[in-house]
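Ready for some practice with a protein model? Take a look at what is shown below, then work through the exercises one step at a time.

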Amino acid sequence: MANREHLEKMQLRQNYRNLWHTSLMNTIQADTPYCCLSLFCAPCVSYLLRKRALYNDMSRYVCCAGYMPCSGRCGESRCPEFCLATEVVLCFGNSVASTRFLLQDEFNIQTTQCDNCIIGFMFCLQQVACIFSIVAMIVGSEEISEASQLLSCLAEMVYCTVCACMQTQHKVEMDKRDEKFGPQPVMAVPPVQQMSRIDQQIPPSVGYAHQPAYAYPPAQQAQGYPAPGYPPAQYPPPGYPPSGYSR
């Protein structure tokens with residue numbers, strides 16, 4: 001039942017309309033110092049980002065943000081800080097992914113195709129490195145063993161780099177949420193349109209600067225209107241409005 005709910009959430013996440021403030025490709029340019037910090041102090045950054053994603057309210061903490069079967073069964077309510085520290089150290093990948101899902105579900109953020117390709121490449125490279133290691137162990141070939149070690153190192157480098165970019169992406173998104181970039185521009189209320197009064201001598205022109213006001217609307221654009229020359233010369237008619245009329 002829980003797996004089905006997670007699958008439905010993943011499918012729903014594909015239909016989100018909002019985008020990350022910065023893509024994975026641009027995170028280094030968006031915040032280079034934080035990206036370096038995420039690379040060399042990854043568990044600490046993951047701890048701080050999860051706490052910040054919960055608005056610094058650790059009473060809301062659930063292991064892996066409620067996205068894993070172990071969520072809610074690790075005594076989080078008694079000691080959430082210790083449980084979060086254990087999560088980011090022992091399950092670092094899950095901690096980063098859980099923070100990501102938490103932000104996506106809160107702000108309806110979709111994962112772009114470029115981000116999916118980067119994450120998919122990371123996973124595929126890890127799988128290929130694992131397969132080469134198994135083959136090298138079975139065959140006992142030194143060439144295959146060296147190739148598997150190279151692939152494993154490459155997979156680890158890609159994994160650490162992508163996780164650092166993801167955490168920087170989360171940080172930039174929360175900076176936007178917390179208005180660290182300054183208040184977002186608010187659309188101004190449009191000015192009240194001035195209504196034409198019935199006692200005006202000539203009706204106002206509406207966007208037809210090349211035509212005189214008395215020819216509005218153009219006869220060729222609206223059937224049923226009188227021919228040019230409207231309104232008549234005696235507009236408004238004599239005696240109108242009535243003398244007892246008050247504005």
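**Exercise 1: Two helices in contact**

Find which residues of α6 meet which residues of α8 in this predicted model.

*Solution.* Start on the α6 side: Phe92, Gly93, Val96, Thr99, Arg100, Leu103, Glu106 and Phe107 make the contact. Their partners in α8 are Tyr159, Cys163, Met166, Gln167, Gln169, His170, Met174 and Arg177. Next, sort the contact residues by class: 8 are nonpolar, 5 polar and 3 charged. Then turn to the geometry: helix α6 (residues 92-107) packs against helix α8 (residues 142-177) at about 30 degrees, and their axes are 11 Å apart. Finally, the crossing of α6 and α8 is left-handed.

**Exercise 2: A link across the sequence**

Work out which parts of the chain the salt bridge of Asp178 and Arg52 ties together.

*Solution.* First, recall that side chains of opposite charge can pair when their charged atoms come close. Here, the side chains of Asp178 and Arg52 are 3.2 Å apart, N to O. Now place them: Asp178 is in the segment after α8 and Arg52 in helix α4 (residues 42-53), so the pair joins parts 126 residues apart in sequence. In total, the structure has 7 salt bridges.

Methods. Residues numbered from 1 in each chain as written. Predicted model: local features only at pLDDT ≥ 70, side-chain atom pairs only at ≥ 80, totals over all residues. Heavy atoms only, no water. Axes fitted to C-alpha atoms, helices over the stretch in contact; angles between N-to-C directions. Helix = DSSP H or I, 4+ residues; strand = E, 2+ residues; numbered from the N terminus. Left-handed = near helix turned anticlockwise from the far one by under 90°. Contact = heavy atoms within 4.5 Å. Nonpolar A, V, L, I, M, F, W, Y, C, P; charged D, E, K, R; others polar. Salt bridge = Lys/Arg side-chain N within 4 Å of Asp/Glu carboxyl O.
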